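Q: I'd like to learn how to read a structure like this one, feature by feature. Can we walk through it together?

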Amino acid sequence: MVRDRTDLSLASAFAVFDAQDSGCLSYGVEDAGRRWFVKKPTTPQARLSLIRATQFHTGVQHPAIIRPEQVLDGPDGPVLVYPWHDGTVLNHATTHGSDRTALARFQQLPLPDVEAAITTILDAHLAVTAAGYVAVDLYDGCFLYDLDRRQMWLIDLDEYRPGPFVLDADRLPGSRRYMAPEEFVRGAVIDQRTTVYTLGRTIQHLLDSPHGWRGSPAQGRLVAHATRATPGDRHPDVTTLVAAWRTALTT
């Protein structure tokens, strides 16, 4: 465990991740021979997100979802202390724009490695939905991939919420490349079918490449089904989507 917050000073950070549109300041620091990833809020909205993240990680556990080992009381809200994991975020998104260099590298890996990473993401969302949560703001910036070990991790799931729920704003946070149509409609129901859409877009993007689509016809049909505009026309829940994915792997 981290001994106390004085050991987590930004001044001793070996890596700093600022200019985040989330309003969070994150950095890597070493303490007692271990490396940690520290995330703290700098805005009121970021404070709410990290409170939500604390609740989410209390209820959801999966080996691929990186969870904080300690939550500290900071002057601006909770400070989440995660174990450091080596890897590269597939989309390094900041207020200055997006860098998808790592995504392009990932998309050119051997196809079995890409499929294994997708399976990890889908399996993690079985745990998410079993705990009664729906995905919000899931995109390639949440995918931390260790190219050496061929290991996929999920990070920054701060906006995940208990569901289903009714959207009380004009839109949810997130990347338009991954978001379902109902996430832009005040009063819409956000439920597992919304998560199905986002996971369908995840499969589509990760099986894409600079040279074109790499997936099989069966995987293409799965993506088309999962990302239909009308929620009722999609797979009804994440369990059904994951079962269809496993079938498509052998088709």
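A: Let's start with how segments get their names: helices (H or I, at least four residues) and strands (E, at least two) are DSSP runs, numbered from the N terminus. Here, threonine 251 sits in the segment after helix 6 (238-249). As for the ground rules, this is a predicted model, where local features need pLDDT of at least 70, side-chain atom pairs count only at pLDDT 80 or more, and totals for chains, interfaces and linings use all residues. Residues are numbered from 1 along each chain as its sequence is written, and side-chain values use heavy atoms, with hydrogens and water left out.

Q: Is threonine 251 buried or exposed, and how is that decided?

A: Buried means under 20% relative accessible area, exposed over 50%, and partly exposed in between (1.4 Å probe, protein chains only). Threonine 251 has 60% relative accessibility, so it counts as exposed. Its C-alpha is 32 Å from that of glycine 174, with the two positions 77 residues apart in sequence terms.

Q: Which backbone oxygen does the side chain of threonine 251 reach?

A: That one falls under polar contacts: pairs of N or O atoms within 3.5 Å, where within protein one must be able to donate a hydrogen and the other to accept it, and residues adjacent in sequence count only if both atoms are side-chain atoms. The side chain of threonine 251 reaches the backbone oxygen of threonine 247, at 2.8 Å.

Q: Which side chain does glutamate 159 join in a polar contact?

A: The partner is serine 49, and the two side chains are 2.5 Å apart. Glutamate 159 lies in the loop between strand 11 and strand 12 (161-162). With a relative accessible area of 9%, glutamate 159 is buried.

Q: What else does glutamate 159 touch?

A: Contact means heavy atoms within 4.5 Å. Not counting residues up to four places away in sequence, glutamate 159 touches Gln45, Ser49, Arg52, Val136, Asp137 and Pro173.

Q: And which residues is glutamine 151 in contact with?

A: Leaving aside neighbours within four places in sequence, glutamine 151 is in contact with Leu144, Tyr145 and Asp146. Glutamine 151 belongs to strand 11 (residues 151-154) and is partly exposed, at 29% relative accessible area. For a longer-range view, its C-alpha is 9.0 Å from that of aspartate 113, 38 residues apart along the chain.

Q: How many disulfides does the structure hold?

A: A disulfide is a pair of cysteine sulfur atoms within 2.5 Å. The structure holds 0 of them. Cysteine 24 is in no disulfide, and the nearest cysteine sulfur, in cysteine 142, is 12 Å away.

Q: Why is cysteine 142 without a bond to cysteine 24?

A: Because the sulfur of cysteine 142 is 12 Å from the closest cysteine sulfur, the one in cysteine 24, and that is too far for a bond. As for burial, cysteine 24 is buried at 5% relative accessibility, and cysteine 142 is buried at 1%.

Q: What should I look for in the backbone angles?

A: Most residues other than glycine have a negative phi, and most peptide bonds are trans. Alanine 32, not a glycine, has a positive phi near 55 degrees. Alanine 32 lies in the loop between strand 2 (24-31) and strand 3 (34-41), and is exposed at 57% relative accessible area. Aspartate 156 also isn't a glycine, and has a positive phi of about 55 degrees. You'll find aspartate 156 in the loop between strand 11 and strand 12, partly exposed at 35%.

Q: Where is the cis peptide bond?

A: Glycine 163 and proline 164 are joined by a cis peptide bond, with omega about 5 degrees. Proline 164 is in the loop between strand 12 and strand 13 (165-166).

Q: How many cavities of 30 Å³ or more does a search find?

A: On a 1 Å grid over the protein atoms alone, a cavity is a set of points where a 1.4 Å probe fits but cannot get out, and lining residues have an atom within 4 Å of a point. Grid points are joined across faces, edges and corners, and a volume is the space filled by probe spheres set on the points. A search of the whole structure finds 2. The largest has a volume of about 40 Å³, and the second largest holds about 30 Å³. Lining the largest are residues including Ala135, Gly174 and Thr198, while the lining of the second largest includes His57, Tyr82 and Asp156.

Terms used:
On a 1 Å grid over the protein atoms alone, a cavity is a set of points where a 1.4 Å probe fits but cannot get out, and a pocket is an open set with protein on both sides within 12 Å along at least five of seven lines; lining residues have an atom within 4 Å of a point.
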